[in-house]
Amino acid sequence: MSLISLDPALWDYVIVHELLHFSVPNHGRLWKALMRAHLGDWEAAEQRLQHVTALQSTGEFGSAPCHTKALKTHKQGLMQQLFPSPQEPRP
Ligand SMILES: [Zn+2]
């Protein structure tokens with residue numbers, strides 16, 4: 001599964017979600033307030049995304065979609081596209 005296969009309406013959720021983690025490392029009140037400021041009804045997008053990724057989530061890291069394996073893969077690709085970094089070590 002790639003980010004492209006997601007509903008485009010969910011891209012904003014994934015992007016904003018991960019970008020906010022640069023300044024807010026958790027899903028606390030501040031993070032939720034910023035999500036609402038940027039996306040409005042972000043909970044609806046999250047529920048749809050959890051449904052999409054439910055089959056791939058082991059659940060061992062909790063229900064936060066960014067902690068599923070699928071979303072971590074999205075995040076890595078997304079961050080490389082948004083912030084290409086020549087200093088980043090390559091495997
Ligand atoms: Zn998160």
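**Close-up 1. Leu49 sits buried in this predicted model**. Count around this residue and you get 23 other C-beta atoms within 10 Å. The cut-off for calling a residue buried is 20 or more, so Leu49 makes the grade with its 23. Where along the chain are we? Leu49 belongs to helix H3, which runs over residues 42-53.

**Close-up 2. Leu49 and Asp7, 42 residues apart along the chain**. Follow the chain from one to the other and you travel those 42 residues. In space, though, 8.9 Å separates their C-alpha atoms.

**Close-up 3. Helix H1, end to end**. This helix takes in residues 8-20, which makes 13 residues. How far apart should its ends be? At 1.5 Å a residue, the expected span is 18 Å. The C-alpha atoms at the two ends are 19 Å apart, so the model agrees with that expectation.

**Close-up 4. The buried residues of H1**. Which residues are they? Look for Tyr13, Val14 and His17. Around the helix axis they cover an arc of only 95°, so they lie on the same side of H1.

**Close-up 5. Stepping back to the protein chain**. The secondary structure amounts to 4 helices and 0 strands, so reading from the N terminus gives α-α-α-α. The protein chain has 91 residues, and 12% of them count as buried; Leu49 is one of the buried residues. Now take the contacts with a separation of 6 or more: 47% of them link residues 24 or more positions apart.

How values were computed
Residues are numbered from 1 along each chain as its sequence is written. This is a predicted model: local features need pLDDT of at least 70, side-chain atom pairs count only at pLDDT 80 or more; totals for chains, interfaces and linings use all residues. Two residues are in contact if their C-beta atoms, placed from the backbone, lie within 7 Å. The expected span of a helix is 1.5 Å times one less than its number of residues. The arc is that of the directions from the helix axis to the C-beta atoms.
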